[in-house]
Amino acid sequence: MLKPRDEILKVAAYVPGKPIEYVKREFNLDYVVKLASNENPLGTSPKVIKALTDYIKNGVNFYPDGSSLNIRTKLAEKYKIGVENILITNGADDALGIIAQAYLNEGDEVLVSEYSFQRYTDNSSIMGAKVKLVPMDNFHFDLDKMFEGVNEKTKIIWLCNPNNPTGTMLEEDKVIEFIEKVPKDTLIVYDEAYREYVSSDKYPKDTVHFFQKYENVLTVKTFSKIYGLAGLRIGYVIGNKDIISALDKTRQPFNANALAQVAAIAALDDEDFIKKVYETNLEGKEYLYKVFEKLNLPYIKSEANHIFFESPGIDSKVLFEALEKEGVIVRPQKGSYTRLTVGTMEENKFFAEKLEKVLKELK
Ligand SMILES: Cc1ncc(COP(=O)(O)O)c(C=O)c1O
């Protein structure tokens, strides 16, 4: 059999959260809630649905605008930056892959925090870079330790704020201090997929303008989370125009599809929807914290739309399987840690009921 590159053999395939339909079929269930992939439990804005319906009437026989100019223009106006500072991607996942492809050579080093987004490691490994895993400080990024890992071979530092899966946040002063210390020939990828859920006033304020002061910083954003467009795949990168131009050459010619572009434009206009999602998430987190407290399960307060909790003495895969049979899909992590996406109140209550039940059975 033909062998792929050694780097591919070393990378495990990404395992996404199981779709609801699979679990319904497998366990013969009528009602299943998916709280596994940090998706938007309130669905998609009606303004987006309308824009998509209007667009699709004309068919999809034409290629999309390969340069995604309309959405770039809209974002450029929103953030008061140039269109040349924005690259639209097929979800933030695409952005992470393009960045790795454009910048990593074999033998380069990258820094990734323990308990962070798996794709930083995978994309870097595929390019033949050496991934240095930096331990966390009580489930928070440890930027001092991360800085200790920087050397002349460090090409990319992958930051995630708020972090997936822990939901923890790096405060503004720490982020700025770190960025200022890191050599300018090291790229810092600042992934803020969950930024819109943050309620802390210590979150870095001007992340979309980082590149204006620090040309080695790229800010990665997505429409998959609070904007509710995960199924369409659209995200973007903001950065220095020369870096954006290198990424632009690396991407596929039509990486953002026509429907995704139309949907993203409409999604930006529906502020009421965003507000409702934000508030539902805050309310859901408060409810779920109380559930974990009642059940004596350690958890971490989250600035995102997911909560990292522990089931001491119960492996997270065992908990996952037990919950799945009851119609709740969560995301197992290492050891006894689990990541739970905050759902609607109805979903959160269903989860709480099933969690209590399976914990009794597993003890
Ligand atoms: C931190 C982080 N970055 C990027 C992504 C990818 O998002 P997208 O759906 O835009 O590809 C995710 C998805 O869960 C994520 O958690």
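How many residue pairs are in polar contact across the interface of domain 1 and domain 2? The rule finds 13 such pairs, both residues at pLDDT 80 or more, where a polar contact is a pair of N or O atoms within 3.5 Å, one able to donate a hydrogen and the other to accept it, and residues adjacent in sequence count only if both atoms are side-chain atoms.

This is a predicted model, in which local features need pLDDT of at least 70 and side-chain atom pairs count only at pLDDT 80 or more, while totals for chains, interfaces and linings use all residues. Residues are numbered from 1 along each chain as its sequence is written, and side-chain values use heavy atoms, with hydrogens and water left out.

The domain assignment, which is automatic or taken from a database, gives domain 1 as 6-44 + 272-362 and domain 2 as 59-269. Their C-alpha centres lie 25 Å apart.

| Feature between domain 1 and domain 2 | Value |
|---|---|
| Residues of domain 1 in contact (heavy atoms within 4.5 Å) | 30 residues |
| Residues of domain 2 in contact | 31 residues |
| Salt bridges (side-chain nitrogen of Lys or Arg within 4 Å of a carboxyl oxygen of Asp or Glu) | zero salt bridges |

The size of an interface is often given as the accessible area lost when the parts come together. Here the buried area, which is the accessible area (1.4 Å probe) lost by the two parts and summed over both, is about 2500 Å², and carbon and sulfur atoms give 62% of that area.
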